[in-house]
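I opened this notebook to record what I looked up in the structure, entry by entry. Each entry takes one topic in turn.

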Amino acid sequence: MTATPVGQPEGMLHITPEAGLAIQKLTRTQGVGQGGGLRVEARAGEDDFEMSVAALPDETDVVITEETTGARVMLDAVTADYVEDKTLDVADTVESTARFALTGQGTTTE
């Protein structure tokens, strides 16, 4: 069963409305339906994350929904622990390419 928090509760990744809009645009451009979203995965042994578009969450994913846009971010359990105190935002887009950034506690990962 997939855990799907309603909105963005305390202790979970926060998604800005701007990032939500960028996720919606990205998933729409790639032909992903409403069940899809942005997958964020921690890289083992690094302070870096991999981001990709996913059509559906995995069975064990934590799915967080941005409140105003309904955009979804999918996290495995390990990644959910790493990003629980972070905010997912989007930097200025260059040539229609969104640059997502995870920020929080003095760190930034793009």
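**Entry 1. The chain as a whole**

How much area does the chain expose, and what percentage of it do carbon and sulfur atoms supply? I noted that the model is a predicted one. For the surface, I found about 6500 Å² exposed, with 48% of it supplied by carbon and sulfur atoms. I then looked up burial and found that 37% of the 110 residues count as buried.

For the secondary structure, I recorded two helices and eight strands. Along the sequence they follow the order β-α-β-β-β-β-α-β-β-β. I also looked up contacts with a separation of 6 or more, and 53% of these are between residues 24 or more positions apart.

**Entry 2. Helix 1**

I turned to helix 1, which covers residues 17-29. Does its length agree with what its residue count predicts, or disagree? At 1.5 Å a residue, its 13 residues should span 18 Å, and the end C-alpha atoms lie 18 Å apart, so the two agree.

Next I asked which residues of helix 1 are buried. I listed Ala19, Gly20, Ala22, Ile23 and Thr27. Because these cover an arc of only 165° around the axis, they lie on the same side of helix 1. On the face turned away from that buried side, I found the exposed residues Leu21, Arg28 and Thr29. Just after the helix, I noted a positive phi of about 70° at Gly31.

**Entry 3. Strands 2 and 3**

I looked up how strand 2 (residues 37-42) pairs with strand 3, and found six bridges in the antiparallel sense. As one pair across these strands, I recorded Glu41 with its bridge partner Glu50 in strand 3. The two strands form a hairpin with six residues between them, in which Gly45 has a positive phi near 75°.

**Entry 4. Strands 4 and 5**

Strand 4 and strand 5 (residues 72-75) run antiparallel and are joined by four bridges. Here I recorded Val63, whose bridge partner in strand 5 is Met74. This pair of strands also forms a hairpin, with six residues between the strands. In its turn, Gly70 has a positive phi of about 80°.

I then asked in which sense strand 2 and strand 5 pair, parallel or antiparallel. The pairing is parallel, over three bridges. Within it, I noted Val40 opposite Leu75 of strand 5.

**Entry 5. The loop between strands 3 and 4**

I examined the loop between strand 3 (49-54) and strand 4 (62-65), where Asp61 is found. Is Asp61 buried or exposed? Its relative accessibility is 2%, and since buried means under 20%, Asp61 counts as buried.

I next looked up what the side chain of Asp61 reaches. It makes a polar contact with the side chain of Arg39 at 2.6 Å. The side chain of Asp61 also reaches the backbone nitrogen of Asp58, at 2.8 Å.

Glu59 is found in the loop between strand 3 and strand 4 as well. At 65% relative accessibility, it lies over the 50% limit and therefore counts as exposed. Finally, I looked up where Glu59 stands relative to Asp76: the two are 17 residues apart in sequence, with their C-alpha atoms 9.5 Å apart in space.

Conventions:
Residues numbered from 1 in each chain as written. Heavy atoms only, no water. Buried < 20%, exposed > 50% of the residue type's maximum accessible area, 1.4 Å probe, protein only. Polar contact = N/O pair within 3.5 Å; in protein donor to acceptor, adjacent residues only side chain to side chain. Expected span 1.5 Å × (residues − 1). Arc of directions from axis to C-beta. Contact = heavy atoms within 4.5 Å. Areas by Shrake-Rupley, 256 points an atom, 1.4 Å probe, with all protein chains shown as cover. Pairing = 2+ DSSP bridges.
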